[in-house]
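Reader: I am new to this one. Please take a close look at how its helices pack, and what they pack around.

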Amino acid sequence: MRRLLWIVISVICLPACGFGGSLEPFKEVPIPKSNPQTPEKVELGRKLFFDRRLSGDGTTNCGTCHDPEQGYSDGLELSLNYPTTRNWRNSPTLINVGFQKFLFHDGRAASLEDQALFPMMSAYEMNQNLDFMEEEIRSVPEYVSEFTKVFGDDDITRERVAMAIAAFERTIVSGDAPLDRFLRGDKDALSPDALKGYEVFTGKGKCTECHFGVNLADDRFHALNVPENPEHLKDPRIAATRRFVAKVYHFEDFRTLAEDPGRFLITKEQKDWKAFRTPTLREVAATAPYMHNGIYATLDETIEFFDMGGGKGNTVLKPLQLTAEEKRQLKVFLEHGLTGAPKAFTYPKIP
Ligand code: HEC
Ligand code: HEC
């Protein structure tokens, strides 16, 4: 009986309770019943994703900061922004975003459908008025006929715009990496160095305590105390963005807030102070710079951070004492083991 209980605990609880889990090969992205996927909806979403009408000044689309040629990120420490403002966080990749249980670095959105309207409305991103956006899209005959085909009538609403974009986002996947072939039984799929790196990743490096499953992420938040960038702390435009977001999320001392509180902003629980969501590591070679604030320009710097036992005062990580050779192999695993075959991207013709 006790043994049975232990088996149940290890299968159900260990991954969920923060003791890590195993890596899994790619599987299909889950599709919510409330937003079934059709080829026409995906195509409509692709057009909207790249349509500059979604921004207030008509200069940016979603792809500006989630660029297919930059790993669906924008290659900057802090993401791009609406003119005269500055963003305060790094643009996360949208690769395999359909697997994420929580969206944003602090997990403040729960579905792609909910998330899509945030950047449009955000004063420091697209700064668009959603009533106006609806009228702009309604005024384009091609969109009217496409919405009718996809949704059954010509009612163009912000919710339907978000549904189409979400359907497109669920097609942005990476799942044919050497790691997938290796996990399905092809023992030669990883190069000798990548295989050694895999052993560090799952063994001495303890990376699978948090980076596991299909997406190499645990859907949890951890306070690793990633350092702030002193340059960013000095910029009044970034301070304005930080305080604005904190105000919207009813953070009491928003006006004196001088750093990124992470998940605390949402839960107001002390354990979440400066905790951020574990990101996917798929295609990580293409998504530099790293961490919520882009503080590390390279994978070497990021590996160094974990080897040192994380940031000052954190209670989550311990120094790993990896050898130079182990760090090199770990990087080979991250670069080659987690990179799928290159995919040609065709940009849509915007009506
Ligand atoms: C000006 C840059 C910018 C634009 C434009 C932009 N985003 Fe983002 N996006 C970001 C940043 C920065 C974050 C992270 C913000 C945070 O965590 O607080 C983000 C986060 C996301 C996420 C969450 C990803 C994850 O892994 O948590 C999704 C999904 C997303 N954006 C989709 C979109 C869509 C759809 C559009 C267009 C409607 C869009 N973005 C436009 C910068 C941008
Ligand atoms: C305790 C959980 C935990 C462990 C253990 C862990 N990570 Fe992470 N990892 C995270 C979190 C959380 C972040 C995001 C931190 C942030 O944004 O500030 C992250 C970020 C990263 C990033 C940056 C990804 C990006 O797109 O910004 C890389 C690379 C990475 N981890 C690799 C590793 C490696 C390699 C190991 C093992 C040596 C490891 N991690 C161990 C939780 C963990």
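Author: Start with α14 and α15, which make a right-handed crossing (the near helix is turned clockwise from the far one by less than a right angle; anticlockwise would be left-handed). This is a predicted model, where local features need pLDDT of at least 70, side-chain atom pairs count only at pLDDT 80 or more, and totals for chains, interfaces and linings use all residues. Residues are numbered from 1 along each chain as its sequence is written, chains are lettered from A and ligands numbered from 1 in the order in which they are written, and side-chain values use heavy atoms, with hydrogens and water left out.

Helix α14 spans residues 299-307 and helix α15 spans residues 324-337 (helices are DSSP runs of H or I, at least four residues, and strands are runs of E, at least two, numbered from the N terminus). Their axes come within 10 Å and cross at roughly 125° (axes are lines fitted to C-alpha atoms, for helices over the stretch in contact, with angles from 0 to 180 degrees between N-to-C directions). The two helices are therefore oblique to each other (under 35 degrees is roughly parallel, over 145 roughly antiparallel, 65 to 115 roughly perpendicular, and the rest oblique). From α14, Leu299, Asp300, Ile303, Glu304 and Asp307 meet Lys327, Leu330, Lys331, Leu334 and Glu335 of α15 (contact means heavy atoms within 4.5 Å).

Now turn to α2 and α7. Their axes come within 9 Å and cross at roughly 145°. This crossing is left-handed. On the α2 side stand Glu40, Lys41, Leu44, Lys47 and Leu48. They meet Glu142, Tyr143, Glu146, Phe147, Val150 and Phe151 in α7. Take Glu146, a residue of α7. Glu146 is buried, with a relative accessible area of 13% (buried means under 20%, exposed over 50%, partly exposed in between, using a 1.4 Å probe and protein chains only). Leaving out residues up to four places away in sequence, Glu146 touches Leu44 and Lys47.

Helix α2 itself is mostly covered, with eight of its eleven residues buried. Among them are Lys41, Leu44, Arg46 and Phe49. The cover over these buried residues includes α3 (62-65), α6, α7 and α8.

What do they pack around? The largest nonpolar core has 37 residues (a core is a set of buried Ala, Val, Leu, Ile, Met, Phe, Trp, Tyr and Cys residues joined through side-chain atoms within 4.5 Å). Leu44, Leu48, Leu54, Met120, Ile137, Phe147 and Ile165 have the most contacts inside it. At least two core residues come from each of α2 (39-49), α5 (117-121), α6 (130-138), α7 (141-151) and α8 (158-169). The largest share, eight residues, belongs to α8. Ile165 shows the packing: it touches Gly45, Leu48, Phe49, Leu54, Ala116 and Met120, again leaving out residues up to four places away in sequence. A second, separate core has 28 residues, including Ala194, Ile303, Val332 and Leu338. Ile303 brings us back to α14, where it is one of the residues that meet α15.
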